[in-house]
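Reader: Hey, could you pick one part of this and give me a really close look at it? Feel free to follow it outwards to whatever it touches.

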Amino acid sequence: MNVAIQGLGTYLPERILTNHDLEAMVETSDEWITTRTGIKERHIAAEGETASDMAAKAANIALENAGITAEDVDLIVLGTITPDQQLPATACFVQEKIGAKNAFAFDVQAACTGFIYATSIAEQYIKAGTVKTALVVNTEKLSAVTNWEDRETCVLFGDGASAVVLQEATGDEKGIMSSILKSDGKYTDLLRIETGGSNEPVTAENVGENRHKMMMSGREVFKLAVGSMVSVGKEALEAAGVDVNEIKYVIPHQANMRIISSISSKLKLDLDEHFYNNLPRVGNTSSASILLALAEAIEAGKIEKGDKLLFVAFGGGLTWGAMVVEI
Ligand code: COA
């Protein structure tokens with residue numbers, strides 16, 4: 001059985017925070033952020049706008065795009081590192097907001113690899129015959145866990161949501177041709193939010209130290225990101241039986257243009273011709289990023305039915321993964 005993407009939806013909040021805005025908040029410059037990361041601006045959720053609000057908007061567009069209703073959905077898998085609450089799952093808030101009353105719903109935490117993980121899980125349910133229609137949603141309100149006093153992280157992240165409807169392919173498209181998931185718990189300290197879990201509940205003291213916000217060892221993450229995404233990308237190509245030269249676009253997790261450029265060199269695929277990036281306009285939106293870029297590429301008429309795409313992602317955990325998809 002081939003499992004295919006039958007509908008796609010994305011959502012970006014209205015408010016835009018530019019590098020120049022950040023210059024007024026921390027000691028940084030548009031020039032530093034642009035040359036070190038490639039990011040020019042990012043979207044920021046409105047006051048009171050939740051991760052599940054953004055997810056529901058993206059999900060409704062994906063359902064409409066697939067030509068189905070929320071009641072047709074059997075399963076919701078939601079990837080996020082910024083859940084509305086610790087309990088219950090954000091997937092359940094989304095279920096209620098879109099009216100997917102026949103679905104069962106749960107969250108997956110794989111940080112920036114969340115889209116690959118959530119999609120792969122949903123694909124397995126469909127292949128097993130347990131569900132017919134799955135809705136994969138990725139939503140991130142990273143502005144809520146960003147330490148706005150830490151210039152090394154606050155310039156990187158943005159908010160947004162994306163969703164896909166997955167079903168058995170109806171035509172002769174191959175859909176998801178391979179998906180490879182990886183993790184290595186040796187590196188749990190490289191990207192982390194230390195408090196708010198059962199190990200160290202939130203206290204006035206740790207909030208005062210900003211330890212309820214995201215912390216990152218940027219240089220170490222950078223070093224591991226390139227090699228991991230290249231090797232898992234190659235593994236996914238091999239598993240799909242697809243040569244790298246058959247790939248129309250690599251759509252990598254949008255974290256840093258220097259990381260993406262290194263991946264392009266190592267895969268020997270031209271950056272301008274075979275990579276689609278929207279990092280300058282949205283920043284790093286963690287699990288939502290790959291589909292936000294895919295939706296833009298489709299909208300721009302750059303991707304046609306039958307094109308083969310390679311998705312590669314990398315994030316906290318560490319987790320990383322790749323997927324070859326024929327659209
Ligand atoms: N503005 C200006 N200067 C900054 C800065 C900012 N926003 N952030 C850091 N700097 C400074 C540092 O303090 C350091 O100064 P020093 O030399 O006086 O000590 C200098 O810039 C170089 O810092 P360094 O950390 O070596 O920069 P870098 O080239 O590694 O770039 C990142 C930093 C964070 C952009 C880069 O490491 C990165 O992108 N890492 C991966 C992060 C990522 O993608 N995470 C998510 C994974 S899903």
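Author: Let's start with a word we'll need: a residue is buried when its relative accessible area is under 20%, exposed when it is over 50%, and partly exposed in between, using a 1.4 Å probe and protein chains only. Keep in mind that this is a predicted model, so local features need pLDDT of at least 70 and side-chain atom pairs count only at pLDDT 80 or more, while totals for chains, interfaces and linings use all residues. Residues are numbered from 1 along each chain as its sequence is written, and side-chain values use heavy atoms, with hydrogens and water left out.

The part I've picked is helix α5, and we can walk into it from the loop before it. Ala111 sits in the loop between β5 (104-108) and α5. Helices (H or I, at least four residues) and strands (E, at least two) are DSSP runs, numbered from the N terminus. Ala111 has a positive phi of about 50 degrees, although it isn't a glycine. Is Ala111 buried or exposed? With a relative accessible area of 7%, Ala111 is buried.

Now the helix itself. The expected span of a helix is 1.5 Å times one less than its number of residues. For the 14 residues of α5 (residues 114-127) that comes to 20 Å, and the end C-alpha atoms are 20 Å apart, so the two agree. α5 is also mostly covered, with 10 of its 14 residues buried. Among them are Gly114, Phe115, Ile116 and Tyr117, and further along Ala122, Glu123 and Ile126. Here's a handy rule for reading a list like that: an α-helix has 3.6 residues a turn, so residues three or four places apart point the same way. Just past the end of α5, Gly129 takes a positive phi of about 85 degrees.

What does the helix touch? For that we need the domains, whose bounds come from an automatic or database domain assignment. The assignment gives domain 1 (3-173) and domain 2 (176-326), and their centres, taken over C-alpha atoms, are 14 Å apart. Counting contact as heavy atoms within 4.5 Å, 53 residues of domain 1 meet 47 residues of domain 2. Buried area is the accessible area (1.4 Å probe) that two parts lose on being put together, summed over both. Between these two domains it is about 3,900 Å², with carbon and sulfur atoms giving 63%. On the domain 1 side, Cys112, Phe115 and Ile116 lose the most area to domain 2, together 16% of what that side buries.

As for specific pairings, a salt bridge is a side-chain nitrogen of Lys or Arg within 4 Å of a carboxyl oxygen of Asp or Glu, and the rule finds 0 of these across the interface of domain 1 and domain 2. A polar contact is a pair of N or O atoms within 3.5 Å; within protein, one must be able to donate a hydrogen and the other to accept it, and residues adjacent in sequence count only if both atoms are side-chain atoms. Between domain 1 and domain 2, 24 residue pairs are in polar contact, both at pLDDT 80 or more. Several elements supply at least two residues each to the side of domain 1 that touches domain 2, including β1 (3-11), α2 (30-37) and α5. Our helix, α5, gives the most to that side, with 7 residues.
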